[in-house]
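Biologist: I would like us to take a close look at a single part of this model, and to begin with a word on the whole chain.

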Amino acid sequence: MRLLQSNVLLLLAGLIGIVGAAIAEESRATGDARWYLAADVERGGEVYAAHCAVCHGVRAQGAVVGSLTAPPLNGGGHSAHHGLDYLVEQVTNGGAPKGGKMPAFAAVLAESDRRAAIAWIQHLWPDATYRDWQQMHSFGPH
């Protein structure tokens, strides 16, 4: 049973990565310059599937897990109001320093994987949401 679960997670991670990379490439082709590359989105899909989807949902739509409500990260929630440094800090240190329940991933994921997960999340954001985020945080393309 454990082997089946592992294989399903690997398959899910691969599918999320492939779809994410395709969306990132399409986004670049339409002129929506984002800070990350298609490879970041692909790796981020794998990281997200393995570490984040269980709480935040397969498409980052947010979810209720037991008594915990994990917010949406797909651009429909508050995550689009925070700068990249804040998002990285949140993934790194978790929610405890701010009274939240999110676990810290500093000892679990390399910084490049934490940033890749954020890239995957942001690739889900509608173009208008991403542009607003760039303007709000004076964050230009690569």
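How much area does the chain expose, and what share of it do carbon and sulfur atoms supply? After that, please go closely through helix H4 (residues 84-93): which of its residues are buried, and what do they pack against?

Modeller: Please keep in mind that this is a predicted model. The chain exposes about 7,800 Å², and carbon and sulfur atoms supply 62% of that area. Of its 142 residues, 41% count as buried, and the chain holds 6 helices and 2 strands, which follow one another along the sequence in the pattern α-α-α-β-β-α-α-α. If we take the contacts between residues at least 6 apart in sequence, 58% of them join residues that are at least 24 apart.

Turning now to helix H4, which covers residues 84-93, the buried residues are Leu84, Leu87, Val88, Gln90, Val91 and Thr92. It helps to recall that an α-helix has 3.6 residues a turn, so residues three or four places apart point the same way. The buried residues of H4 pack against two other helices, namely H5 (111-123) and H6 (127-137).

Just after H4 comes Gly94, and its phi is positive, near 75°. As a general background, most residues other than glycine have a negative phi. With that in mind, Ala60 deserves a look as well, since this residue has a positive phi of about 60° although it is not a glycine. Ala60 is found in the loop between helix H3 (53-56) and strand S1 (63-65), and it is buried, with a relative accessible area of 0%.

Note on methods: Residues are numbered from 1 along each chain as its sequence is written. This is a predicted model: local features need pLDDT of at least 70, side-chain atom pairs count only at pLDDT 80 or more; totals for chains, interfaces and linings use all residues. Side-chain values use heavy atoms; hydrogens and water are left out. Helices (H or I, at least four residues) and strands (E, at least two) are DSSP runs, numbered from the N terminus. Buried means under 20% relative accessible area, exposed over 50%, partly exposed in between (1.4 Å probe, protein chains only). Contact means heavy atoms within 4.5 Å. Accessible areas come from the Shrake-Rupley method with a 1.4 Å probe; for residues, only the protein chains shown count as cover.
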